[in-house]
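Grab your viewer and a coffee, and work through these exercises on the structure below. Each task comes with a solution that goes step by step.

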Amino acid sequence: MRRYSVFAIAREAMRQHNGWDRAWASPEPKSHYDVIIVGAGGHGLATAYYLGKNFGIKNVAIIEKGWLGGGNTGRNTTIIRSNYLQDPSAAIYEKARSLYETLSQDLNYNIMFSPRGVMMLAQTESEIRGYRRTEYANTLQGVETRFIGPNEVKRLVPIMNIHGPRYPVLGALWQPRAGTARHDAVAWGYARACSDMGMDVIQNCEVTGIESVGGQVSAVVTTKGTIGTKKLAMVVAGHSGHLANMAGFRLPVESVALQAMVSEPIKPAIDVVVMANTVHGYLSQSDKGEMVIGGGADHFNNYTQRGSWMHIEETTRALVETFPMLSRLKMLRQWGGIVDMTGDRSPIISKTPLGNTFINCGWGTGGFKSIPGSGWAMAELVAKGEPGPLAQAFSLDRFREGRFIDESVAAGVAH
Ligand code: FAD
Ligand code: PYC
């Protein structure tokens, strides 16, 4: 792979940009791999990348039924933060956030990480108590967050109306090193690096069955034929229940569409990310100038990957209270992605009842921020067959043993 650099851009500028390589290859599947990863979203691709980088395992295929990054990875509102309450969560989300800081250099691909700061508004007394508790927990965990008052909120976000008609802004949990990144670029950067290591990213190839011999996985059945494997990693977010079913077990996961939309582009108006969880809506401005707006989840389980009518009204009404200037914007488009919700709003990174088969799912409404940390932890699990310190608490056993990792407040999104 040719490295991207200022010299490469200058060289290509001299020859009508005819010399760029394809960013990744599009191979046909081989008959057998050491590891097959199902799902070329951020988590699947990051798992492959760290398998190669940290463990030297490169005979790997990443199998995707659509196009890479076309699931939730390419549909999310790109918020990256690590202000979670429980220790195992803070550890994995902060690992991910810190990997994001240098991911562009690591992948030699500009993922446009923008540590512009994320604030979660407190608009009720109980939110103040909840966020102060998170601030204290984060201090002990080494995650830099602080509770700020309404005047500081207004200073950071002048377009905000802090005296809202229903819920005044009473303060916010502020994480200055949190931010956003370009979601497609995260998938593309990992895919390019995986392809460069000799891994096969196989798109338009759906896994329709899983074969086993003596309780160990042996192959996956796909729309491009049966492919043998020594190990299998299932990383398919909202479709995890189907994959688990193919492997012969059930998951404590529900699938539901989470909603988002963007406005027409305007000049820079807000340079931090705001999550307003009581009125419910969240907002940031993309580099193109669009207001990126997130809503809640549909109120029923589904696999539609479509925008829902009710969220247009519900979310814009909520955000207009907090940002009155939004009322003058036109909305450009809306969409939904199928998120995988666990009961405690924490992920699953785990061995499964089928031998040499591992699962990474349950990131629900909040897994974009965790992609590098999740891939790091999942690669260790797949390579060693046992979870390392980052993944240990997130095993499937916790649902049987009652070891829940309750992050329903930190998840921040109505579901
Ligand atoms: P995906 O990106 O969905 O990848 C899974 C892939 O598996 C898909 O490409 C799918 O096609 C493929 N697949 C499924 N079944 C099969 C099969 N049988 N065979 C082959 N391939 C298969 N998180 C944040 O941290 N911050 C946010 O601001 C944020 N906002 C969000 C906003 C919205 C509207 C949505 C929908 C989600 C948001 N999230 C956010 C959550 C985040 O997007 C997800 O948690 C994360 O992207 C999940 O990544 P993934 O790689 O696990 O899944
Ligand atoms: O997890 O920060 C988050 C988030 C924001 C919008 C959807 N998820």
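**Exercise 1. Place His17 in the fold, find what is unusual about its phi, and decide whether it is buried, partly exposed or exposed.**

Step 1: His17 sits in the loop that runs between α1 (6-13) and β1 (32-38). Helices here are DSSP runs of H or I with at least four residues, strands are E runs of at least two, and both are numbered from the N terminus.

Step 2: His17 is not a glycine, yet its phi is positive, about 55 degrees. For background, most residues other than glycine have a negative phi.

Step 3: His17 counts as partly exposed because its relative accessibility is 43%. The cut-offs are under 20% relative accessible area for buried, over 50% for exposed and partly exposed in between, with a 1.4 Å probe and protein chains only.

A word on the ground rules: this is a predicted model, where local features need pLDDT of at least 70, side-chain atom pairs count only at pLDDT 80 or more, and totals for chains, interfaces and linings use all residues. Residues are numbered from 1 along each chain as its sequence is written, chains are lettered from A and ligands numbered from 1 in the order in which they are written, and side-chain values use heavy atoms, with hydrogens and water left out.

**Exercise 2. Do the same for Thr78, then say which ligand its backbone reaches.**

Step 1: Look in the loop between β2 (60-63) and β3 (79-80) for Thr78.

Step 2: Thr78 has a positive phi too, about 65 degrees, and is not a glycine.

Step 3: Thr78 is buried, since its relative accessible area is 13%.

Step 4: A polar backbone atom of Thr78 is 3.3 Å from an oxygen atom of ligand 1. That makes a polar contact (a pair of N or O atoms within 3.5 Å; within protein, one must be able to donate a hydrogen and the other to accept it, and residues adjacent in sequence count only if both atoms are side-chain atoms).

**Exercise 3. Describe the shell around ligand 1.**

Step 1: There are 36 residues around ligand 1, and Glu64, Asn72, Thr73, Thr77 and Lys369 come nearest. To be near, a residue needs a heavy atom within 4 Å of the molecule or strand.

Step 2: Sort the shell by class: 14 nonpolar, 17 polar and 5 charged. Ala, Val, Leu, Ile, Met, Phe, Trp, Tyr, Cys and Pro count as nonpolar, Asp, Glu, Lys and Arg as charged, and the others, Gly among them, as polar.

Step 3: Helix α2 and strands β12 (253-265) and β16 (331-342) each supply at least two shell residues, and β12 gives the largest share, 3 residues.

Step 4: Check two more polar pairs. A side-chain N or O atom of Glu64 is 2.6 Å from an oxygen atom of ligand 1, and a nitrogen atom of ligand 1 lies 3.1 Å from a backbone N or O atom of Thr365. The protein buries 96% of the 1000 Å² that ligand 1 exposes when taken alone; accessible areas come from the Shrake-Rupley method with a 1.4 Å probe, and for residues only the protein chains shown count as cover.

**Exercise 4. Which residues surround ligand 2, and which of them make polar contacts with ligand 2?**

Step 1: List the neighbours: Thr77, Ile79, Arg81, Met275, Tyr282, Thr365, Gly366, Lys369 and Val413. By class, they comprise 4 nonpolar, 3 polar and 2 charged residues.

Step 2: Go through the pairs.
- Arg81 brings a polar side-chain atom to 2.8 Å from an oxygen atom of ligand 2.
- Thr365 has a polar backbone atom 2.6 Å from a nitrogen atom of ligand 2.
- Lys369 has a side-chain N or O atom 2.4 Å from an oxygen atom of ligand 2.

Step 3: On its own, ligand 2 has 240 Å² of accessible area, and the protein covers 95% of it.

**Exercise 5. Compare the surroundings of Thr47 and Ser350.**

Step 1: Thr47 belongs to helix α2 (residues 42-55) and is buried, at 0% relative accessible area.

Step 2: Skipping neighbours within four places in sequence, Thr47 is in contact (heavy atoms within 4.5 Å) with Ile37, Gly375, Met378 and Ala379.

Step 3: Ser350 is part of strand β17 (residues 348-351) and is buried, at 5%.

Step 4: With residues up to four places away left out, Ser350 touches Thr357, Phe358, Ile359, Leu381, Phe394, Ser395 and Leu396. The Ser350 side chain also reaches the backbone nitrogen of Leu396 at 3.0 Å.
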